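Here are a few exercises to work through with the model open. Try each one yourself before reading its solution.

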Amino acid sequence: MAEKNIYKILALASAFTFTSASVVVIYFGMKLYYEKKKMPNKSQKFQTLKYLLVGPPGVGKTKLFKRISNFFKQKQVNQGFEECQIRHDIDLVSTPSFEFENINEREIIIKQFSQYMMKNHIIHFFLLVNFERTDLMKKKILNVLKYFKKFKEKFTVIVTDFQLSDNQEEDKKNLKQALHVYLNQNQSIMFVENDFNVEQFRDQLLVEAQALNLTDTIFEPINENEQQLLLQQFQNMFTNRDCNQIKKQQINENNNQQQEIILTNTQQDNIQQQQQENEQFQINDQKLFQDDQSILMNDQFKSNQNQQ
C-alpha cells in the first residue's frame, strides 16, 4: 500500500513538471514517512505476562481456573487457551490437559503449545496434581515434568483437593520430602483446598513466580531472545524424542532382520544337514541290502553243493 501511494505521488509530481531532484526528494521523504509509521513506539511497548496452569486430566485444573475466573470476572480464549487477568500485567492461563502418551493427541497439543508460546511471554508454569497416594502423585508429576526438564526452575507444583488430608501439617512435610526431586531450587509447592480464598491464592501465585521482584515483571525489559530460546527448547525436546524413537525402531527392525537372516541360515544348515544324513542313510541301507544279497547267494550255493 505504501509503495502504491509513493508511485501515485511520483506520477503527480511528473504531471506538474517537477525537476528530477524534486521527485527524488519527494520519493525518499515519503518512504521515510511510511517506514517511520511502520516502526513500533518503544515507549508504548507492553506485553502481558503469562502464568500457565498445566497438568494431566482429572487433577482439578478446570475447577480451580473456573473459580478464579468467576472471581475476577475477566476471561477470554486465546488460541484454545483460557485466560484470566489476575493483575493488570499478568494473565493466568488454563491449558489443554497433557495426554502425550496418545500419539494423535500429542501432536495436536504440541502444535497448540508451540503456537501459543511463540506469541506470548511465558514466565512461569504451575503444575497441578491432586492429593492422593504419593506414588500416584509422583507418576502424574513425572508424566508432565519429563517434557519440561530444562524449565524445571520455572515450575511450581500445586497440590489440589488438599481438604482430603487428615493431618495437613504432617502431609505437607512428608510431600515436600517425597517430591523434593521434582521441585525447583526454592522447593516451590502449594497446597489448595476446594474452598480456597481466591485473592490469597492469587498473591501466593505472585510470590511463587517471584513477580513481586523486578525480575520477570513489566519493570524488566522483555528478553525476546530468551522467549524464543524457551520455545525452541520446547520444540526440540519433542523433535529429539521422536528422532530417538525412530532410531530405536530402526535398530529393532535391523535386529529383527538380522535374527531372521540368522534363523534362515540356521534353517538352511539344518535342511542341508538333514539331506546329507538322508543320503548317507540311503547309502548305508543300500550297502546292507547288497551284503544281505551276497550272504543269501553264498548260502544257496553251499546248499546246492551239499545236495549234490
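**Exercise 1.** This is a predicted model. Is Asn 120 buried or exposed? Find its place in the fold and a polar partner for its side chain.

*Solution.* Start with location: Asn 120 sits in the loop between α4 and β5. Next, check accessibility. Its relative accessible area is 9%, and the cut-off for buried is under 20%, so Asn 120 counts as buried. Finally, look for a partner: a polar atom of the Asn 120 side chain is 2.8 Å from the backbone oxygen of Tyr 116.

**Exercise 2.** Work out which strand holds Val 93, and which residues Val 93 contacts beyond its sequence neighbours.

*Solution.* Val 93 belongs to strand β4, which covers residues 90-94. Its relative accessibility is 0%, so Val 93 is buried. Skipping neighbours within four places in sequence, its contacts include Leu 52, Leu 53, Phe 65, Phe 81 and Tyr 116. Now jump to Val 54: it lies 39 residues from Val 93 along the chain, yet their C-alpha atoms are 8.8 Å apart.

**Exercise 3.** Which residues have the most contacts inside the largest nonpolar core?

*Solution.* That core has 31 residues, and Val 54, Phe 125 and Val 159 have the most contacts inside it. Among the elements giving two or more residues to the core are β1 (49-54), α4 (103-119) and β5 (121-130). Zoom in on Val 54: leaving out residues up to four places away in sequence, it touches Phe 98, Phe 113, Phe 125 and Val 144, among others. Another core, of 24 residues, lies apart and includes Ile 86 and Phe 196.

Conventions: Residues are numbered from 1 along each chain as its sequence is written. This is a predicted model: local features need pLDDT of at least 70, side-chain atom pairs count only at pLDDT 80 or more; totals for chains, interfaces and linings use all residues. Side-chain values use heavy atoms; hydrogens and water are left out. Helices (H or I, at least four residues) and strands (E, at least two) are DSSP runs, numbered from the N terminus. Buried means under 20% relative accessible area, exposed over 50%, partly exposed in between (1.4 Å probe, protein chains only). Contact means heavy atoms within 4.5 Å. A nonpolar core is a set of buried Ala, Val, Leu, Ile, Met, Phe, Trp, Tyr and Cys residues joined through side-chain atoms within 4.5 Å. A polar contact is a pair of N or O atoms within 3.5 Å; within protein, one must be able to donate a hydrogen and the other to accept it, and residues adjacent in sequence count only if both atoms are side-chain atoms.
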